[in-house]
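Biologist: Before we discuss labels, please put the model on the screen. I would like each term set against its cut-off.

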Amino acid sequence: KGQFDAQMHLWKYFYNINQIEKSLHWLSTVTLKFNDLQSSLCLSQILSDTSSPINNYSLSEHLLIKIINKHEKNSSFEIKVNNTNDEIYIDAMLALGKIYLLNDVEDAPHDSELGLKLLEKSSNTLNIPEIQQPINDCVLENKISSISTIDIAISTGIVVAAIAVVGFFISKRRH
């Protein structure tokens, strides 16, 4: 009869018995009818789970951006870890950061720089060492791996050209 609690129970029940399609039906219904942030987060996480039978990274990205924008528009500047909406916001940033870093998945949106920023922001907000260290390792690893041979060649070429120009002017000055 359109009751929020009943629909929440149905999506969780079907998810626990591994009937993902039925679970997604009820979860989508709750998300659309009631604009529930927790349901939106769960739906986006299921849609971006590589082991899920249904993947839709674009829809997951859309839901996560909607959560982040809604929170930033309606919240104070201080984020509290014990506040449910703030925790959903932090989880949304983490999930979106992970999606942006899925370089080996063809359908996923790729934005490593934004993904790293989201992971850093969420880990700094959480301020939990057990969570921060793996995220910082991931950030460092992605920063190192994001330097390509083309970047190195271009920067080397620029340095060589600059040295040649400086050398040219120095040789002209001596003569």
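Modeller: Start with Ser 23, which touches Trp 11, Phe 14 and Tyr 15, leaving aside residues up to four places away in sequence. The model is a predicted one.

Biologist: What makes these touches?

Modeller: Contact requires heavy atoms within 4.5 Å, and Trp 11, Phe 14 and Tyr 15 are in contact with Ser 23 on that basis. Ser 23 itself is placed in helix α2.

Biologist: Why is Ser 23 called buried?

Modeller: Its relative accessible area is 0%. Buried means under 20%, so Ser 23 is buried.

Biologist: Why does Leu 94 get that label as well?

Modeller: Leu 94 has a relative accessible area of 14%. The cut-off is under 20%, so Leu 94 is buried. Leu 94 belongs to helix α5, residues 84–100. Its C-alpha atom is 10.0 Å from that of Lys 117, 23 residues away along the chain.

Biologist: How do you know that the length of helix α1 agrees with what is expected?

Modeller: Helix α1 covers residues 4–16, which is 13 residues. The expected span is 1.5 Å times one less than the number of residues. That gives 18 Å for α1, and the end C-alpha atoms are 18 Å apart, so the two agree. Asn 18 follows α1, with a positive phi near 65°.

Biologist: Which residues of α1 are buried, and why do you say that they line one face?

Modeller: The buried residues of α1 are Gln 7, Met 8, Trp 11 and Phe 14. Viewed down the axis of α1, they fall within an arc of 140°, so they line one face of the helix. An α-helix has 3.6 residues a turn, so residues three or four places apart point the same way. The face turned away from the buried side of α1 has the exposed residues Asp 5, His 9 and Asn 16.

Biologist: What do the buried residues of α1 pack against?

Modeller: They pack against α2 (20–34) and α3.

Biologist: How many cavities of 30 Å³ or more does a search of the whole structure find?

Modeller: The search finds one. The largest cavity holds about 50 Å³ of space. Its lining includes Thr 31, Asn 35 and Leu 63.

Biologist: Which element gives the most to that lining?

Modeller: Helix α4 does, with four residues. By kind, the lining of the largest cavity has three nonpolar, three polar and two charged residues.

Note on methods: Residues numbered from 1 in each chain as written. Predicted model: local features only at pLDDT ≥ 70, side-chain atom pairs only at ≥ 80, totals over all residues. Heavy atoms only, no water. Helix = DSSP H or I, 4+ residues; strand = E, 2+ residues; numbered from the N terminus. Buried < 20%, exposed > 50% of the residue type's maximum accessible area, 1.4 Å probe, protein only. 1 Å grid on protein atoms, 1.4 Å probe; cavity = no way out; pocket = protein on both sides within 12 Å on 5 of 7 lines; lining within 4 Å. Points joined across faces, edges and corners; volume = space filled by probe spheres on them. Nonpolar A, V, L, I, M, F, W, Y, C, P; charged D, E, K, R; others polar. Arc of directions from axis to C-beta.
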